[in-house]
Amino acid sequence: FMMDRIRYRGVGGATKTQALRTQEKIRNRVICGEYDLVQAAGRKKIEDFSEVYLSRRRHLKSRKRDELSVRILLRYFKGRSLGSILPANIEDYIAKRRENGVANGTINRELACLKRMYNLAIRWKEANKNPVNEVDFLKEPPGRTRFLTPEEAGRLLECCNESLRPIVFTALNTGMRRMEILSLTWDNVHIDSVIDPYIEIPISKNYKKRFVPLSTDMIELLEKLRNRHQTFVFIGMRGRPVKTVRKPFETALRKAGIINFRFHDLRHTFASHFIMHGGDPLTLKEILGHSSLKMVERYAHLAVAHKRKQINNLNGVFSDCHLFATSAKVANLSSR
């Protein structure tokens, strides 16, 4: 019989009748799935399939993360066929990565890449099953919520150069991602809107359009920067669009004396202060462009702490009333 374009031969018997009977038995076993012909698809080497996988995902924003994950996965699985990698092998991979001190989140990203590879391999008839489905992902710590105090934010802005300062100010006041800010064009800035001025982000990280409302401070900044002869909003010292802010941002942090801080933490700073000043999680989710409320749950405790601080503002307000009521009650009892 044929399997994966390879012809397999075997002795069916000493006579034609015996051979026909053997042929019928094999045919029945094939029909019942005992030979599982789809397994033939699992013979492709993982390194060969990874090339196809990456070539078909070049258009995606996650391609760089995929390329890194595939490179690491191949250190362990190169030379293995798709069908030969078992859940136990993946568990060994996890154990080795953890022994090397790799964070759980990083390992999970690699497992997610491997899982996508197998799902697509099944769709493309290159594999029959996904071994990652039988492996538990690792628990990850809560997302990072490092944010600046208003005093720290003020120091940072003072230490920014002229082209960096409006970029940092925009991140603090909108929660936009770094690349969303650097790629912002005047066509997507609507500060003359009759109802509510806003910034339109045509394609965000999750490929959805979203609209970021603008505060009065942001409107004033954009009006100062507005130049109808330019395409991009943020222009560098040499009159060209800003492509990167890594070095000037690190310099500003050093001058401001701020440690353990990344540009993306400006987004956390916006979200944290939005919640602490009475903003609701649902609105924050829409502004940040998250797909679910789970992504903004990390800021919930800030709202509770801020409410507790506001409650403390009532300390002493009713103390005199309480003492008056108590003394009045004692006076009434003594007069009887």
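A charge sits over a ring here if NZ of Lys or CZ of Arg is within 6 Å of the ring centre and within 35 degrees of the ring normal. The legends below describe close-up views of a predicted model.

**View 1. Arg-56 lies over the face of Trp-124.** The distance from the ring centre is 4.3 Å. Trp-124 is partly exposed, with a relative accessible area of 27%. Its ring also takes part in an aromatic pair, with Phe-49 as the partner. That pair is tilted. The two centres stand 5.8 Å apart, and the planes meet at 50°. Phe-49 belongs to helix 2 (residues 46-55). Trp-124 belongs to the loop between helix 5 (104-123) and helix 6 (150-159). The pair therefore links distant parts of the chain, 75 residues apart. Phe-49 counts as buried, at 1% relative accessibility.

**View 2. Tyr-76 and Tyr-93 meet edge-to-face.** Their ring centres are 4.8 Å apart, with 85° between the planes. Tyr-76 lies in helix 3 (residues 63-77). Tyr-93 lies in helix 4 (residues 87-99). The pair ties together parts that are 17 residues apart in sequence. Tyr-76 is partly exposed, at a relative accessible area of 26%. Tyr-93, at 1% relative accessibility, counts as buried. Phe-77 joins Tyr-76 and Tyr-93 in one aromatic cluster. The structure as a whole holds seven aromatic pairs.

**View 3. Lys-243 places its charged end over the ring of Phe-232.** The charged end of Lys-243 is 5.9 Å from the ring centre of Phe-232. The cut-off for a charge over a ring is 6 Å.

**View 4. Three strands form an open antiparallel sheet.** Their order is 3-4-5. Strand 3 and strand 5 stand at the edges, and each has a single partner strand, so one side of each lacks a neighbour in the sheet. Strand 3 (residues 189-190) is joined to strand 4 (residues 198-201) by two bridges. These two strands run antiparallel. His-190 has Tyr-198 of strand 4 as its bridge partner. Strand 4 pairs with strand 5 (residues 210-213) over four bridges, again in the antiparallel sense. Ile-201 stands opposite Arg-210 in strand 5.

**View 5. Helix 10 (residues 246-256) has buried residues along one face.** The buried residues are Phe-249, Ala-252, Leu-253 and Ala-256. Seen down the axis of helix 10, they fall within an arc of 100°, so they line one face of the helix. An α-helix has 3.6 residues a turn, so residues three or four places apart point the same way. On the other side of helix 10, Lys-247, Arg-254 and Lys-255 are exposed.

**View 6. Helix 10 packs against three helices through its buried residues.** The partners are helix 6, helix 7 (165-174) and helix 11 (265-276). Just after helix 10 comes Gly-257, which takes a positive phi of about 70°.

Definitions and conventions:
Residues are numbered from 1 along each chain as its sequence is written. This is a predicted model: local features need pLDDT of at least 70, side-chain atom pairs count only at pLDDT 80 or more; totals for chains, interfaces and linings use all residues. Side-chain values use heavy atoms; hydrogens and water are left out. Rings of Phe, Tyr and Trp (its six-membered ring) pair if their centres lie within 6.5 Å; planes under 30 degrees apart count as stacked, over 60 as edge-to-face and the rest as tilted. Buried means under 20% relative accessible area, exposed over 50%, partly exposed in between (1.4 Å probe, protein chains only). Two strands pair if DSSP finds at least two bridges between them. The arc is that of the directions from the helix axis to the C-beta atoms. Contact means heavy atoms within 4.5 Å.
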